[in-house]
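Reader: Before I go through this protein at the bench, I would like to put some questions about its fold and its side-chain contacts. Could you take them one at a time and reason each answer through?

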Amino acid sequence: MAIEAPDYFRPENGVVLTHLLIVRNVERSREFYRRVLGATVVRERQPAILRFHNSYIVINDEGGPTDDKPTVRAEAPADPDVLSSAMNVRVTDVRAVYEQWRSRGGEFLTEPKDHGVEIRCYLRDPDGYLIELGQGTGILAEAAGGA
């Protein structure tokens, strides 16, 4: 049974968690998440909102301080090789999703690597945000055994 994302604008239980990305080009990023990851566009821009399975990705422009965050500048990552935040996408078949996203233009750092507790690989979006694609393996056995 697929779990649908709650209504972004009127969450049934009063709250919904989303992931905000500050980008250099909203259209380019929106199309990446739509085309490569298969997200559904809910709102085109200011901000762009995309439904991704049971959650949402919010994409907005860089910009200066606003009245509700008067000392904060919104900027896309300056260096894609410095990690401060990443999206983790968990799937049941990492190799199948890896091949699907590659066929849609996703550029991965490596092929999926088995680390015992999980199999994972990473790709970057157009602004350098890191997206981890992973599948639990040994960690599932640990959880089942109460470890």
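Author: Strand 6 and strand 7, the latter spanning residues 118-124, pair in the antiparallel sense over 2 bridges; please keep in mind throughout that this is a predicted model.

Reader: Which residue in strand 7 is the bridge partner of K113?

Author: Strand 6 covers 113-114, and its pairing with strand 7 is antiparallel. Within strand 7, K113 has as its bridge partner R120.

Reader: In what order do the 4 strands of the open sheet lie?

Author: The edge strands are strand 5 (86-90) and strand 6 (113-114), each of which pairs on one side only. The sheet is open and its pairing is mixed. Read across the sheet, the order of the strands is 5-8-7-6.

Reader: At about what angle does helix 2 run to strand 8?

Author: Helix 2 comprises residues 94-103 and lies across strand 5, strand 7 and strand 8, the last of these being 130-136. Relative to strand 8, the helix runs at about 150 degrees.

Reader: Why does the ring pair of F52 and W101 count as tilted?

Author: The model has 3 aromatic pairs. In the pair of F52 and W101, the ring centres are 6.5 Å apart and the planes stand at 55 degrees. Planes under 30 degrees apart would count as stacked and those over 60 as edge-to-face, so with its angle of 55 degrees this pair is tilted.

Reader: How many residues apart are F52 and W101, and which elements hold them?

Author: The pair links distant parts of the chain. F52 belongs to strand 3, residues 48-52, while W101 belongs to helix 2, and the two are apart by 49 residues.

Reader: Is W101 buried or exposed?

Author: A residue counts as buried under 20% relative accessible area. F52, with 8% relative accessibility, counts as buried. W101 has 3% relative accessibility and therefore also counts as buried.

Reader: Which parts of the chain does the salt bridge of D81 and R124 tie together, and how many residues apart are they in sequence?

Author: The side chains of D81 and R124 meet at 2.6 Å, N to O. D81 lies in the loop between strand 4 (55-61) and strand 5, whereas R124 lies in strand 7, so the pair ties together parts whose separation in sequence is 43 residues.

Reader: Is D81 buried or exposed?

Author: Its partner R124, at 27% relative accessibility, counts as partly exposed. The limit for an exposed residue is over 50%, and D81 has 61% relative accessibility, so D81 counts as exposed.

Reader: What is the distance between the closest N and O atoms of E99 and R102?

Author: E99 and R102 both lie in helix 2, where they are 3 residues apart, about one turn of the helix. E99 is partly exposed at 43% relative accessibility, and R102 is partly exposed with a relative accessible area of 43%. The closest N and O atoms of this salt bridge are apart by 3.6 Å.

Reader: Which residue forms a salt bridge with R120, and is that residue buried or exposed?

Author: R120 counts as partly exposed at 22% relative accessibility. The salt bridge, with its closest N and O atoms 2.6 Å apart, joins R120 to E118. With a relative accessible area of 13%, E118 is buried.

Reader: What distance separates the centres of domain 1 and domain 2?

Author: The domain assignment gives domain 1 as 1-75 and domain 2 as 77-146. In the contact between them, 17 residues of domain 1 meet 17 residues of domain 2. Taken over C-alpha atoms, the centres are separated by 20 Å.

Notes. Residues numbered from 1 in each chain as written. Predicted model: local features only at pLDDT ≥ 70, side-chain atom pairs only at ≥ 80, totals over all residues. Heavy atoms only, no water. Pairing = 2+ DSSP bridges. Contact = heavy atoms within 4.5 Å. Axes fitted to C-alpha atoms, helices over the stretch in contact; angles between N-to-C directions. Phe/Tyr/Trp six-rings, centres within 6.5 Å; stacked < 30°, edge-to-face > 60°. Buried < 20%, exposed > 50% of the residue type's maximum accessible area, 1.4 Å probe, protein only. Salt bridge = Lys/Arg side-chain N within 4 Å of Asp/Glu carboxyl O. Domains from an automatic or database assignment.
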